[in-house]
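Colleague: Please pick one part of this model and take me through it closely. I would like to know what surrounds it and how it connects to the rest.

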Amino acid sequence: MLLPSSSPQTRRLECVRIADPRGSHQWTGIAGTTTGTWFDKEALEILDLVADLPMGDVMRCFMPGYGIRAHDADQVLFEIAFCFQCHNALIFQPAPHQRRELVGFKADSRRAQDLLALFKAFEFRR
């Protein structure tokens with residue numbers, strides 16, 4: 001999956017459990033509860049995992065359950081919401097880039113299942 005060009009600047013990466021995915025077509029960012037945080041090297045390792053997700057076909061439902069929010073030292077760099085049912089990811093970038101892009105990924109791939117397991121691991125710790 002192609003990550004935003006700002007991804008190497010990431011210092012903190014939040015795992016977000018998405019509150020209400022039904023209005024996702026109107027989103028300007030991810031709404032939900034932060035269930036865990038990765039910092040520095042670990043955050044970049046998670047982003048490497050996301051970058052290595054195999055591309056797939058864009059499908060229809062888009063009811064994402066989890067997302068990530070990447071921060072540098074001062075601000076949000078980008079957010080990505082993942083739907084493991086329809087194999088879609090929605091990438092948000094705030095101004096000045098102001099980008100919103102839907103991409104397909106193979107949610108049944110080993111890399112995607114590893115990512116989903118990391119998301120769920122934070123949720124089970126709560």
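Modeller: Start with the sulfur of Cys15: the closest cysteine sulfur belongs to Cys83 and is 15 Å away, so the two are too far apart for a bond. Keep in mind that this is a predicted model. Cys15 is buried, and its relative accessible area is 0%. Cys86 is in no disulfide either, and its nearest cysteine sulfur, again that of Cys83, lies 3.5 Å away. The cut-off for a disulfide is 2.5 Å between the sulfur atoms, so the 3.5 Å from Cys86 to Cys83 does not qualify. Cys86 also counts as buried, at 3% relative accessibility. The count of disulfides in the structure is 0.

Now follow Cys15 across the sheet. Opposite Cys15, in strand 3, stands Ile68. That leads to the part I would look at closely: strand 3, residues 66-71.

How well covered is strand 3? Of its 6 residues, 6 are buried. The cover extends to both faces. Tyr66, Ile68 and Ala70 are buried on one side. Gly67, Arg69 and His71 are buried on the other. In a regular strand, side chains alternate between the two faces of the sheet.

Which strands does strand 3 pair with? One partner is strand 1, residues 12-18. The two are antiparallel and share 6 bridges. Arg69 in strand 3 is the bridge partner of Glu14. The other partner is strand 4, also antiparallel and also joined by 6 bridges. Here His71 has Val76 of strand 4 as its bridge partner. Strand 3 and strand 4 make a hairpin, with 4 residues between them.

Look at strand 4 from the strand 3 side. Ala81 belongs to strand 4. Ala81 and Tyr66 are 15 residues apart in sequence, yet their C-alpha atoms are 6.0 Å apart in space. Ala81 is buried, at a relative accessible area of 0%.

Go back to strand 1 on the other side. Strand 1 is mostly covered, with 5 of 7 residues buried. Strand 1 also pairs with strand 2, residues 32-39, in the antiparallel sense and over 7 bridges. Arg17 has Thr33 of strand 2 as its bridge partner. Arg17 also reaches strand 3: its charged end sits over the ring of Tyr66, 4.4 Å from the ring centre.

Tyr66 has aromatic company too. Ring pairs join Tyr66, Phe82, Phe84, Phe105 and Phe119 into a cluster. The structure has 7 aromatic pairs in total. Take Phe84 and Phe105: their ring centres are 5.5 Å apart and their planes stand at 85°, so this pair is edge-to-face. Phe84 is in the loop between strand 4 (76-83) and strand 5 (88-93), while Phe105 is in the loop between strand 6 (99-104) and helix 2 (110-125), so the pair ties together parts that are 21 residues apart in sequence. Both Phe84 and Phe105 are buried.

The loop after strand 4 has another residue to check. His87 is found between strand 4 and strand 5. Its phi is near 65°, a positive value in a residue other than glycine. His87 is buried, with a relative accessible area of 18%.

There is a similar case on the way into strand 3. Phe62 lies in the loop between helix 1 and strand 3. Phi of Phe62 is near 40°, again positive in a residue other than glycine. At 9% relative accessibility, Phe62 counts as buried.

Last, helix 1, on the far end of that loop. Helix 1 covers residues 40-51, 12 in number. From first C-alpha to last it reaches 16 Å, close to the 16 Å expected at 1.5 Å a residue. Its buried residues include Ala43, Ile46, Leu47, Leu49 and Val50. These cover an arc of only 155° around the axis, which puts them on the same side of helix 1. An α-helix has 3.6 residues a turn, so residues three or four places apart point the same way.

To recap the part itself: strand 3 has 6 of its 6 residues buried, with strand 1 and strand 4 as antiparallel partners. Tyr66 of strand 3 has the charged end of Arg17 over its ring and belongs to the aromatic cluster.

Note on methods. Residues numbered from 1 in each chain as written. Predicted model: local features only at pLDDT ≥ 70, side-chain atom pairs only at ≥ 80, totals over all residues. Heavy atoms only, no water. Phe/Tyr/Trp six-rings, centres within 6.5 Å; stacked < 30°, edge-to-face > 60°. Buried < 20%, exposed > 50% of the residue type's maximum accessible area, 1.4 Å probe, protein only. Lys NZ or Arg CZ within 6 Å of the ring centre and 35° of its normal. Pairing = 2+ DSSP bridges. Expected span 1.5 Å × (residues − 1). Arc of directions from axis to C-beta.
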